[in-house]
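Hi,

Here is the structure I promised to pass on. Have a look at it first, and my notes on the cysteines and the cavities follow below.

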Amino acid sequence: MGGSASVPPRGASGSASVGSASVGSASVGRAGPGRASVPVSPAPGGPAAGRAGAGRASVPVSPAPGSGPAGRASVGAGRASVGAAVVGGPAGRASVGRAGMASVPGGGAGGPGGPGGPTGPGRGGRRGAGDPDAVARAKKRRRVNLMIASLAVFIMLAGIGVVGFTYYSTTVVLPEQVPMPLSTTVYAKDNKTVLAKLGTQNRQLVKIDDIPQWVQDAVAAAEDRNFYRHSGVDYKGIARAAWNNFTGGDKQGASTITQQYARNAYDNLKDDTYARKVKEAILASKLNDKYSKPEIMEHYLNVIYFGRGAYGIEAAAQTYFGVPTKKLTVAQAAVLAALIKQPVASETHKGYDPAVNPTDAKARWTYVLDGMVAEGWLNAPNRPQRPTDDQYPKTLSPKDAGSAAFGVKTPRGNVINYVREEMEQMGICTNSGAAGKISCVDALRDGGYRIQTTIDPKLQTAAENTAMRAKKNSELADQPKNLMAAVVSIDPKNGRVLAYYGGDSGADFDYAGKNTDASGNITGGHPPGSSFKVYTLAAAINAGISVKSHWDATPFKPKGFKNPVQNAGRDVSKTCGKWCTLESSTIQSYNVPFFHVSEKIGPDKVVDMARQAGITTMWTTSDNPPKAVDLTKKKGADVAPAPFYHVIGYGQYPVTVLDHANGLATLANDGKYNKAHFVLKVEQQDQDTGKWKVIDGEKLSPQQRIRKDVANEVTGVLKQIAAPNGRSLENGREVAAKTGTWEKYDSRHNAHAWMVGYTPQLATAVWVGSRDPKKPEIIDKNGNDIGGSKLPGAIWQRYMNAALDGKDKESLPSVTGVGDQDAGNGTQPPPPPPTPGRNCGPLDIFGCPQNPNNPGGNQGGNQGGPGGGTGGPDNPPGPRDGGQGGGLLPTTAPRARD
């Protein structure tokens, strides 16, 4: 078996050539006297060349005779088996090579007297050179070695081929053609106040000309200081990073800005594999060949993530500092550049957001600035000066940052549903899956639009401050938590929605507009109660009925009803009884006369008037769930008297707050209708030039849907309502108004309360109800039922005063009494008997009692007969909330209030 073969050098033969060592390594000492120890394999005996047994060959080395100083023992090959050693090389060097060993005096290796031989030092081989097994093993080893070598060559060639094929087959898509999602920003009418940002990523495109040079330099100093010198791939950086990773330093990726851009812009470079890294490097090299450094920097700065939901430098500038990119300072630019390395905290590091990790954020800020100085980008001629440490800029808090408004989870987010609807009407996109059109959801998410809306920031803020519970001094701030308010305000002259509050989040239920429930049903309407009488009144006047006509206001039970129609608890027997003018019935909000009006003119006429004013959708109450009826496609005769019965006269059937406000705006505009809308202008950015181009915008189409004299007569009646309800506007400003309340169908408590009204400049509808289905009653903090003149009235009055502050006061028309004054069903009571002992002459008006039912002209006296006057009853009761009104079904007692 393997032992040690001792081969003393002789004469000039000072070289031992030994093959590859199969076990261990070759250890060789100096050529002075001693031994060179190398691993060997067993060698067969005999005089011919053979192989040593597995073990270690100890070769004594001494200076060759006559050769001077001892040489060096060297090992030619350090692996594979040791073959026969040839002794006979230059004197003074023992060489371990691979050839066979020549015979020498005294016997060759493995021979008699030789190393490993029978009589030589060490142990001999197991078999001689002629052993057929040894020959077979040698051939097998040669075949294995050949196969390994061939495989290695194949792998090398395949690798070169893959790299080459990848390089030549990788197509560089133009950066402008990369489908980079761009967020859409929705602005108020000032085109500055952001209402919402939409998209999968908060990103806005910015061109290189709008990116200051120091912003570009800060990013290069932070991420790739050789950016302007390398060819897209920094090979020195790769080597440096590899060595750092190999020696246990911090892990480094050595990715250049160009490589980072490629990785962020191309979806197929998202995985973390070597194939991806090869392709990334190749793509970066090709991009560098095709584009200039400023072009690459532009595309990079538009895709990179800066944290807080901000993608790209423009979104980052707005998110962290509230300014556009072109207004960033050097100090601010360095903060943003420092974020790129790690904008978000991880398990191992808190990242570089100053709000999360101020210490490391400032340290990296310093690193960026130092790099800019080192590269000559600061403190150099025609370059900015380096900011000092005490000039470290303050960032916005995350909750106030631009990205905090990203999405629709804000009080102004409900506007987006209408923006989407109007974009479809403009033909920009589709909400119904029309062929050849992008969906409006995708368009808003990735299309990069800039949309200017009609919302007035001042009025929107006023609406939120008065109606939003979260606002400290709002009317709902200290009220029960189930209470909810909605406010919509419209410019009558053009239909622009100036304020819209339907809830605290556009992602939740919109209490001012339409919604779709889980079953696909359209919801969102609220019974308007007596506030709907404005349309019944208009329909009556339009049918030739005078507001001075008299009607029977006493409660009665219509055929098919279980309970009588009543007047919200008001005892009309003490006022006008069976002889109430339509004018006073509107002011006092009696229900019974409006039921009679609907009977006389037909409920279809009331529906048609509401349609013409702007009511687009009305819900049935005979279906479960209530069914939405599209009044833009149905005429009154199609839907009345079924499903809309005579109780429509005093507002049983639900409508939206938006529609109600639109209807009031039509009356305020002398009967001229303008469709309520939210979009002023839609723009999209040209990615080649960076310029914004108008895609579509507002198209006004006013229509005279209601006769001017009809609208003016309604206004003349309504302007008498605010003051008796304690809701007059400041500085004596005239305003038309109406209250409305509706009870919960199985309770004596109110469930919906309204106050609506208008001036020529502004029409506003306010609703208050419950957002808790399990607690639908609306009861204030003092335990009282909420009626239209109470909480809704407070919101309406406060909002209108704030919204109209500074506006001119405009007078409103007065009642003329135009129309048939005998059209009503009222019965004039007989005159009271004269006072005994007193003969009242025609001129004796001071000493004789006055008949409250006689025509007269004073505010509180008569019922407004042919002689004029306001039609108010004697000693009118104050505004009340309570009593019964119209029912929900024809067989159920109507319950309307106000």
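I call two cysteines a disulfide when their sulfur atoms are within 2.5 Å. One such pair is Cys576 and Cys580, with 1.7 Å from S to S. Their link is right-handed, with 90° about the S-S bond, and both Cys576 and Cys580 are buried (under 20% relative accessible area, with exposed over 50% and partly exposed in between; 1.4 Å probe, protein chains only).

Before you read on: this is a predicted model, where local features need pLDDT of at least 70, side-chain atom pairs count only at pLDDT 80 or more, and totals for chains, interfaces and linings use all residues. Residues are numbered from 1 along each chain as its sequence is written, and side-chain values use heavy atoms, with hydrogens and water left out.

By that cut-off there are two disulfides. Cys429 and Cys440 make a disulfide too, their sulfur atoms 2.0 Å apart. Cys429 sits in the loop between helix H10 (415-425) and helix H11 (440-446) and Cys440 in helix H11, so the bond ties together parts that are eleven residues apart in sequence. (Helices, H or I, of at least four residues and strands, E, of at least two are DSSP runs, numbered from the N terminus.) Cys429 is buried at 3% relative accessible area, and Cys440 is buried at 0%. This link is right-handed as well, with 95° about the S-S bond.

That's it for the cysteines; I've left the cavities for you to browse.

Cheers
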